[in-house]
Amino acid sequence: MNFKKKRLDSNINAENVIPVASVAIVGQPNVGKSSLFNRIVKQNVAITSSMSGSTRDIKIRNVLLDKFAISLIDTGGILNLSNIKDIDISNKKIENTKSQEKIASYLKDLISQNSYNALQQSDVILYMVDGSNIASSEDIRNFRILSKLKPTILVLNKVDSDKVLMEYSSEFLAFGTDFITISVAHNRGITKLLSKIQDSIEALKPDIQEKQQEISQDTEEISVGIIGRPNVGKSSLLNALTSKQRSLVSHIAGTTIDPVDESIIYNNHKITFIDTAGIRHRSKISGIEKYALDRTNKILKHCQIAILVLDSSDDFVELDERISSMAHQHELGIIVVLNKWDIKTLDFETIMKTYKRKFKFLEYAPVLTVCATNGRHIKELKDKIIEVYNNFTYRIQTSMLNDCMQKAFIKHPIPSKHGKIIKIYYATQFDSSPPKIALVMNRPDALHFSYKRYLINILRDNFNFSGVPLILEARKK
């Protein structure tokens, strides 16, 4: 049977299907690449803004078309492809510069180079231009360079009406190819574009078979958010964990503004890592970083585990403590990573002494020393993620839980309040992810927080809840 004759089941989850091809959206800044990406994936996952340079890192999502799945890639703006190979980021020394012009130039080159690397790995390219303006000579040069490398579809965005098309369509004949007109804002021409993408992939891969590969249903999915202040090495850690150059790595604080995610299969677990934007003091957050902070909070709502990245070559600051509270706020499992261990300034004992004093509320969190740039303890970190996930989803048998509680009551009886006896009749775990335990009792409001803390410590001593918050709720019988 020819694969073309079969449509995909609409109930299949795109993220559980292995894509047959990758499609990169490319173009100059502010032509609507991220808006098109969001429209096709039907999620608001890429930051869109009128400010140039809003997209910096590569965004990737699997998308189900009528006949197969593709991997859609949103790239940053590419300015001039004719000299892209001559750009040498490593030779630009701007570590100590305060010149915003030099920093902006550096970031543009970094974004262009990262985008170019992404499109080289793609199968089909969508080259987007602003269809409501005169065609630029730079776009024509870029398109011709790309069309020699890969099948490239010319996409004219912002063509909101036939009047706009008639006014400027002749301008784009200089590209020497057919083009598709769309308006992302008005959802115009998107279906036609998706059909064109399918045709291009089928022409490129005529031997596509009927069988659509899916990830095993036995594969457990873990969502991990990487959090920390700017320049602690979050993007380098994501790249090391996924063995891919997914995030821009730069010594400029605030390079990452849009959460970047990448999935791996490890020990029969699908682990999705999300590199979030570095969080600054609120007084220092400006411009597009406001979007980033809001997006980080939204991302953490859907995570199960947070990796708190601390810079072992620098002092721990109050901001580190405030960022760690985000994991507590969203009731996430947590692993602490002391990154940049290759350039640490103090010995392990001294660093840990300071850590335990400043992060006493994270005494249940495992701590790993890591160097993202040379791969130190990256495998151990992956193993620790699975261990914490298992603890995060663990359910205690009711009989075992109550045996543990009874021993705790005998060892340290529940203190009375104003001479009134307080009784806990039994305990039951009513939820997991994270574990939530109800203490059914006669006077729920009278249970002192210190006794709750005592019971939590008893549970941690008897069961493996490393890296996991435990939530006890006192309830009326």
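**Close-up views of a predicted model**

**View 1. Lys452 and the residues it touches.** Leaving aside residues up to four places away in sequence, Lys452 makes contact with Leu447, Leu472 and Ala474. This is a predicted model, and a good place to start exploring is helix H12, which spans residues 449–462 and includes Lys452. Take a moment to find Ala474 as well: 22 residues separate Lys452 and Ala474 in sequence, and their C-alpha atoms are 9.1 Å apart in space.

**View 2. How exposed is Lys452?** Lys452 has a relative accessibility of 26%. Buried means under 20% and exposed means over 50%, so Lys452 counts as partly exposed.

**View 3. An open sheet of six strands.** Follow the strands across the sheet in the order E8-E9-E7-E10-E11-E12, and you will meet mixed pairing along the way. Strand E8 (260–266) and strand E12 (367–369) are the edge strands, each pairing on one side only. From one strand to the next, the twist averages 25°.

**View 4. Where E8 meets E9.** Here we turn to E8 and its pairing with strand E9 (residues 269–275): the two run antiparallel and are joined by seven bridges. To pick out one pair of bridge partners, look for Ser263 and Thr272, the latter in E9.

**View 5. A helix across the sheet.** Which strands does helix H10 lie across? Helix H10, made up of residues 378–392, lies across strand E7 (220–227), E8, E9, strand E10 (305–311), strand E11 (333–339) and E12. Relative to E11, helix H10 runs at about 160°.

Technical notes. Residues numbered from 1 in each chain as written. Predicted model: local features only at pLDDT ≥ 70, side-chain atom pairs only at ≥ 80, totals over all residues. Heavy atoms only, no water. Helix = DSSP H or I, 4+ residues; strand = E, 2+ residues; numbered from the N terminus. Buried < 20%, exposed > 50% of the residue type's maximum accessible area, 1.4 Å probe, protein only. Contact = heavy atoms within 4.5 Å. Pairing = 2+ DSSP bridges. Axes fitted to C-alpha atoms, helices over the stretch in contact; angles between N-to-C directions.
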